[in-house]
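Q: Please take a close look at one part of this protein for me. Start with a single strand, then work outward to what lies beyond. Short sentences are best, as I am new to this.

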Amino acid sequence: MSSIYVDETSGSDTTGTGSQEAPYQTLGLAVYSQPSASYLIRKDAQGEYAEPTQSALKKAKKTAEGIEKKRKKQLELEERERQAKGDEKEKREKLLEESKKIVLTEDESLPKATKSKLLDLGKYRTQRVRVFGWVHRLRQQKDIIFIVLRDGTGYLQAVLSGRVAQTYSALTLTLESSVELVGTLQEVPEGKTAPGGHELVVDYWSVVGAAPGGDDAFTNRLNEKSDPSIQADLRHLVLRGETASSVLRLRANMLTAFRSALTSHNLLEVTPPCLVQTQVEGGATLFKLDYYGQPAFLTQSSQLYLETCLPSLGDVFCVQESFRAENSHTRRHLSEYTHLEAELAFINFDDLMNHIEDIICKTVDTLLADPISAGLIKQLNPKFEPPTRPFMRMSYVDAIAWLNEHKIQHPAEDEQGNVIKVDEKGNPTTDGSGTVLMVDHKVGDDIAEAAERLMTDEIGKPIFLHGFPAELKAFYMKKVATQPGYEGPVFTESCDLLMPNVGEIVGGSMRIPDQEELLAAYKREGIDPEPYYWFTDQRKYGTCEHGGYGLGVERFLAWLANRYTVRECSLYPRWPSRATP
Ligand code: 4AD
């Protein structure tokens with residue numbers, strides 16, 4: 001019989017076989033693996049193989065016994081675990097089988113249950129109620145099941161115990177299943193908290209629509225760690241979450257508050273079309289489409305239509321979707337957004353800014369006076385403070401000076417609008433290498449989003465920025481009156497309202513009231529006046545001084561609810577390449 005080899009340096013107890021080519025590392029393992037063999041051992045590759053001493057062999061036998069003992073113990077443990085698992089499975093199967101025999105029926109002898117939405121439950125304390133909703137949270141203990149139900153109007157804690165917790169449906173209940181619960185509404189015991197201060201002690205219930213468990217379970221499709229692109233694809237499921245639904249609830253209340261503020265100022269709501277054949281804010285951001293063989297666009301703004309309403313309906317407003325084909329991936333740009341616009345006749349520029357300020361402050365006051373809206377604001381934006389009046393007013397020219405005083409620069413551009421880069425010596429490069437050349441602002445420059453945000457965040461309160469140069473603004477804006485002989489830059493009666501954390505939320509202006517001046521403005525912008533005949537007519541048949549504004553609903557909400565991006569403030573946000581769900 002050949003010997004078993006052990007090399008204490010280069011042998012291995014895991015891959016070794018005991019041959020001369022693949023020796024073991026320890027004598028103990030050699031003895032354990034091949035008990036009645038003869039052994040040869042060496043300290044290292046330089047040494048000679050020799051028979052182990054008696055005492056070494058004795059020690060190795062002990063080690064081998066230890067290894068064997070450990071192995072047996074492990075086997076025993078595994079067997080016990082297998083059995084326990086099997087027992088549990090069997091027990092669970094038996095329980096499920098038994099549970100199928102329990103059929104719940106509603107006890108007709110109990111007082112009649114009133115059907116209620118969760119928001120209205122306060123009226124029914126101590127009474128029997130019937131509620132419907134989705135299983136928002138679920139905790140299954142030995143004989144008791146806790147459910148937090150959600151129905152869109154609120155949340156309710158429900159307790160199932162005894163027979164109602166033993167049915168097949170109870171044992172297999174999953175998150176996001178829809179259910180009907182019937183029971184008695186009780187105040188929660190002292191020291192305990194629950195939504196609304198009460199809980200439902202269920203005496204009858206049923207599953208309306210079961211949600212899947214296992215791989216397809218709700219939490220496997222979506223959770224807090226899900227990738228942003230998955231969250232965007234699953235926006236319909238994200239909306240079931242507490243934060244997303246609170247934002248949308250606040251949005252609804254905010255729109256109601258805006259409407260109430262606007263109607264209290266005698267503005268009438270109108271609904272202009274979305275399919276249009278005119279541009280308002282420049283051709284570059286139009287979504288073009290084929291309209292029965294004619295070119296048409298999705299509206300950028302309803303302003304022009306609102307202007308035409310003034311002589312018939314007086315001051316008007318609308319809450320309408322606007323569309324911007326801007327390839328902007330910033331946190332404040334959407335391709336489709338909700339645009340709250342208003343137009344007022346026989347006002348001056350100061351009246352316009354006072355009106356905007358008033359509508360915004362009234363809306364915020366209304367929301368804070370309503371306990372539900374105030375609660376939502378507190379939940380989403382605990383540090384929210386209503387803005388103080390009057391809002392700061394800063395002219396465009398003063399803003400340019402402010403930016404330069406605060407060393408806020410912008411990238412220099414060549415005549416074609418390309419960013420200029422320079423080498424270490426400050427010489428412009430032509431191959432794209434080097435660093436961006438930053439320069440001071442000068443009157444005539446567009447104040448870019450980055451600079452505007454830095455300024456707004458530094459000042460930390462709402463700012464009316466007004467009087468922008470005509471060449472930076474849309475064709476319809478009224479110019480600031482100048483003395484005869486004035487040769488400086490032409491400014492407009494325009495204003496942007498800037499809010500901390502968000503930037504521009506409102507853009508407004510006085511409009512050109514004079515027909516000839518409007519025709520000249522079309523010409524300057526290269527706009528064919530023909531399709532605008534109805535807009536021009538507003539100046540032809542009894543013109544008036546008038547002005548208006550557009551407020552980005554998602555941006556306003558992002559400010560109010562302290563959301564990082566406007567995408568969180570839209571039901572199903574659209575941005576470049578995203579139109580799903
Ligand atoms: O400044 P804008 O382009 O003004 C107008 O459209 C005017 N015709 C409105 C009017 O006077 N009736 O847009 C007004 C507001 C902006 O201040 C901003 O809040 C929002 O609309 N807005 C956007 N919101 C989200 N995504 C976009 N891409 C937006 N573009 C403008």
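A: What follows starts at one strand and then moves on to other parts of the chain.

This is a predicted model, where local features need pLDDT of at least 70 and side-chain atom pairs count only at pLDDT 80 or more, while totals for chains, interfaces and linings use all residues. Residues are numbered from 1 along each chain as its sequence is written, and side-chain values use heavy atoms, with hydrogens and water left out.

Begin with strand S13, residues 316-323. Strands here are DSSP runs of E, at least two residues long, and helices are runs of H or I, at least four long; both are numbered from the N terminus. In S13, 7 of the 8 residues are buried, so the strand is largely enclosed by the rest of the structure. Buried means under 20% relative accessible area, exposed means over 50%, and partly exposed is in between (1.4 Å probe, protein chains only).

Now look at the partners of S13. Two strands pair if DSSP finds at least two bridges between them. Strand S9, residues 268-269, runs parallel to S13 and is joined to S13 by 2 bridges. Leu-268 faces Val-316, and Glu-269 faces Phe-317. Strand S14, residues 336-345, pairs with S13 in the antiparallel sense, over 8 bridges. There, Cys-318 stands opposite Glu-341. Pairing of this kind is made through backbone hydrogen bonds.

Step back to the whole sheet. It is open, has 8 strands, and its pairing is mixed; the order is S9-S13-S14-S23-S22-S21-S20-S15. The edges are S9 and strand S15 (392-395), each of which pairs on one side only. In the loop between helix H10 (371-380) and S15 sits Pro-390. A cis peptide bond joins Arg-389 to Pro-390, with omega about -5°.

Cys-318 leads to the other cysteines. Which cysteine has its sulfur closest to that of Cys-309? The answer is Cys-318, but the 8.8 Å between the sulfurs is too far for a bond. A disulfide needs two cysteine sulfur atoms within 2.5 Å. Cys-544 is farther out of reach of a bond partner: the closest cysteine sulfur, in Cys-309, is 12 Å away, too far for a bond. Cys-309 counts as buried because its relative accessibility is 15%. Cys-544 is buried too, because its value is 8%. Across the whole structure, the search finds 0 disulfides.

Next comes a second sheet. It is open, with 3 strands in the order S10-S12-S11 and antiparallel pairing. Strand S10 (275-276) and S11 are its edges, and each pairs on one side only. S11 is joined to strand S12, residues 294-298, by 5 bridges. Leu-289 stands opposite Ala-296 in S12. Tyr-291 also lies in S11, which spans residues 287-291. Tyr-291 counts as partly exposed because its relative accessibility is 33%. Together with Leu-275 and Tyr-292, Tyr-291 makes a nonpolar surface patch of about 370 Å².

Strand S4, residues 128-140, is another meeting point for strands. S4 runs parallel to strand S3 (residues 114-115), with 2 bridges between them. Thr-114 has Val-129 in S4 as its bridge partner. Strand S5, residues 144-150, runs antiparallel to S4 and is joined to S4 by 6 bridges. S4 and S5 form a hairpin with 3 residues between them. Arg-137 is bridged to Val-148 in S5. Strand S7, residues 178-187, is also antiparallel to S4, with 7 bridges. Phe-132 stands opposite Glu-180 in S7.

The loop between S3 and S4 holds Thr-126. Thr-126 has a positive phi of about 70°, although it is not a glycine. Is Thr-126 buried or exposed? It counts as exposed, because its relative accessibility is 66%. Asn-562 has a positive phi as well, about 50°, and is not a glycine. Asn-562 is found in the segment after H15, and counts as partly exposed because its relative accessible area is 39%. Pro-581 lies in the segment after helix H15 (553-560). The peptide bond from Thr-580 to Pro-581 is cis, with omega near -5°.

Notes: Patch = residues over 30% accessible without salt bridge, like charges linked within 9 Å, V, L, I, M, F, W, Y side chains within 5 Å. Areas by Shrake-Rupley, 256 points an atom, 1.4 Å probe, with all protein chains shown as cover. Salt bridge = Lys/Arg side-chain N within 4 Å of Asp/Glu carboxyl O.
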